[in-house]
Amino acid sequence: MAGAALRAAGRQLSQHSGAGAPILLRQMFEPKSCTYTYLLGDRDSREAILIDPVLETAPRDAQLVKELGLRLLYAVNTHCHADHITGSGLLRSLLPGCQSVISRLSGAQADLHIEDGQSIHFGRFVSCMLRELDAGSPRRWWPGLLGLKERGGWWPGLQSPEALEIRASPGHTPGCVTFVLNDHSMAFTGDALLIRGCGRTDFQQGCAKTLYHSVHEKIFTLPGDCLIYPAHDYRGLTVSTVEEERTLNPRLTLSCEEFVKVMDNLNLPKPKQIDFAVPANMRCGVQTPPS
């Protein structure tokens, strides 16, 4: 079953990010912290976002954005990382107009804060942090927004943009979010869900029970062929699917009680960069970039 889901997911990926597809996707790797950074772009408008950039590889990411002829709107973080410093601050300097983004529940500073149920939009004539208006609300611009949506559809003349749905997925940290492409073909899960694993819960106000419910309720409810792109991998794996992780993940196929017991007894060493990464990331790229 998992193999069939992976084959279907591969076909779906080629449809969404291959030559001629509206979505451009690039997966990039930072070897010191084994972090994946994702570049998503709209081929028509050339607007793009970066997910989980790393300070040391931000120049590489900025160069790729320029080479591909893209305009970076947002550098977003799935959470306040403990194993590396975010590249958001440097990217704001390297690519003027780029804004840093993180969950409000992270407690970190950023140009824009996001919450569960919102969406990040890019491309197709509209680029905005979107809030759905109440029925009958006047058509007007809201501070910080570049576009609006009415209940029942987009205003005449506007095409529906590419979008990432924001799903709160706390547990690894209180401010973790998962970004889901609006057609549910791919999800960027940060440290909440890894390939055959998950993020640890023994620091940064982590909670194993909360993480278990986050994954089962916010990620495992997606279609089985939805592609899973994690923030890290330590074995060279790059992508999974919801169905694979629902059936093969050795931790998250356990009961909640068994999962909590496993997570409480991992006895992992403290991340090497935590003492300086977390304070820097609490400023979420708004800090002055290094010279």
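How are H4 and H6 oriented to each other? Keep that question in mind while we walk through this predicted model; the answer comes at the stop where both helices are selected.

**The whole chain**

Start with a cartoon view of everything. The chain holds seven helices and 13 strands. Color by burial, and 56% of the 291 residues come out as buried. If you draw a contact map, look away from the diagonal: of the contacts between residues at least 6 apart in sequence, 64% join residues at least 24 apart.

**The six-stranded sheet**

Next, select strands E1 to E6. Together these six strands make an open sheet, ordered E1-E2-E3-E4-E5-E6, with mixed pairing. At the edges sit E1 (23-30) and E6 (112-114), each pairing on one side only. Turn the sheet and look along it: from one strand to the next, the twist averages 25°.

Now zoom in on E2 (residues 35-42) and E3 (residues 47-51). These two strands run antiparallel and are joined by four bridges. For a landmark, pick Leu 40, whose bridge partner in E3 is Ile 49.

Step from E3 to E4, and the sense of pairing is parallel, with five bridges. Here the residue to click is Leu 50, which has Ala 75 as its bridge partner in E4. Stay on E4 (71-76) for a moment and switch on its surface. Is this strand mostly covered or mostly open? Mostly covered: five of the six residues in E4 are buried. As you look at side chains here, remember that in a regular strand they alternate between the two faces of the sheet.

**The helix across the sheet**

Add helix H2, residues 58-67. H2 lies across E1, E2, E3 and E4, and runs at about 160° to E1.

Two loops next to this helix are good places to pause. The loop between E3 and H2 contains Asp 52. Check its backbone torsions: phi of Asp 52 is near 55°, a positive value in a residue other than glycine. Asp 52 has a relative accessible area of 1%, so it is buried.

On the way from H2 to E4, the loop contains Leu 68. How accessible is Leu 68? With a relative accessible area of 23%, Leu 68 is partly exposed, because buried would need a value under 20%. Show its contacts beyond four places in sequence and you will find Leu 24, Arg 26, Leu 39 and Arg 46. You can also draw a distance from Leu 68 to Leu 24: the C-alpha atoms are separated by 9.8 Å, although the residues are 44 apart along the chain.

**H4 meets H6**

Now hide the sheet and select H4 (residues 208-219) together with H6 (residues 256-263). Their axes are 9 Å apart, and the helices pack at an angle of about 130°. That settles the opening question: H4 and H6 are oblique to each other, because 130° falls outside the ranges for roughly parallel, perpendicular or antiparallel. The crossing is right-handed.

Show side chains at the contact. From H4 come Ala 208, Lys 209, Leu 211, Tyr 212 and His 213, and from H6 come Cys 256, Phe 259, Val 260 and Met 263. By class, these are seven nonpolar residues, one polar and one charged.

**Around H4**

Select Thr 201, in the loop between E11 (186-190) and H4. Thr 201 counts as buried, because its relative accessibility is 9%. Beyond its sequence neighbors up to four places away, Thr 201 touches Gly 171, His 172, Gly 206, Cys 207, Ala 208, Leu 211 and Met 263.

What lies in the loop between H4 and E12 (227-230)? Click Leu 222, which is found there. At a relative accessible area of 3%, Leu 222 is buried. Leaving aside neighbors within four places in sequence, its contacts are Arg 167, Val 180, His 184, Ala 187, Val 242 and Arg 246. The C-alpha atom of Leu 222 is separated by 9.0 Å from that of Glu 243, which is 21 residues away along the chain.

**Last stop: after H6**

Finish at Asn 267, in the loop between H6 and H7 (274-281). Phi of Asn 267 is near 55°, a positive value in a residue other than glycine. Set the surface on once more here: with 69% relative accessibility, Asn 267 counts as exposed.

Terms used:
Residues numbered from 1 in each chain as written. Predicted model: local features only at pLDDT ≥ 70, side-chain atom pairs only at ≥ 80, totals over all residues. Heavy atoms only, no water. Pairing = 2+ DSSP bridges. Axes fitted to C-alpha atoms, helices over the stretch in contact; angles between N-to-C directions. Contact = heavy atoms within 4.5 Å. Parallel < 35°, antiparallel > 145°, perpendicular 65-115°, else oblique. Left-handed = near helix turned anticlockwise from the far one by under 90°. Nonpolar A, V, L, I, M, F, W, Y, C, P; charged D, E, K, R; others polar. Buried < 20%, exposed > 50% of the residue type's maximum accessible area, 1.4 Å probe, protein only.
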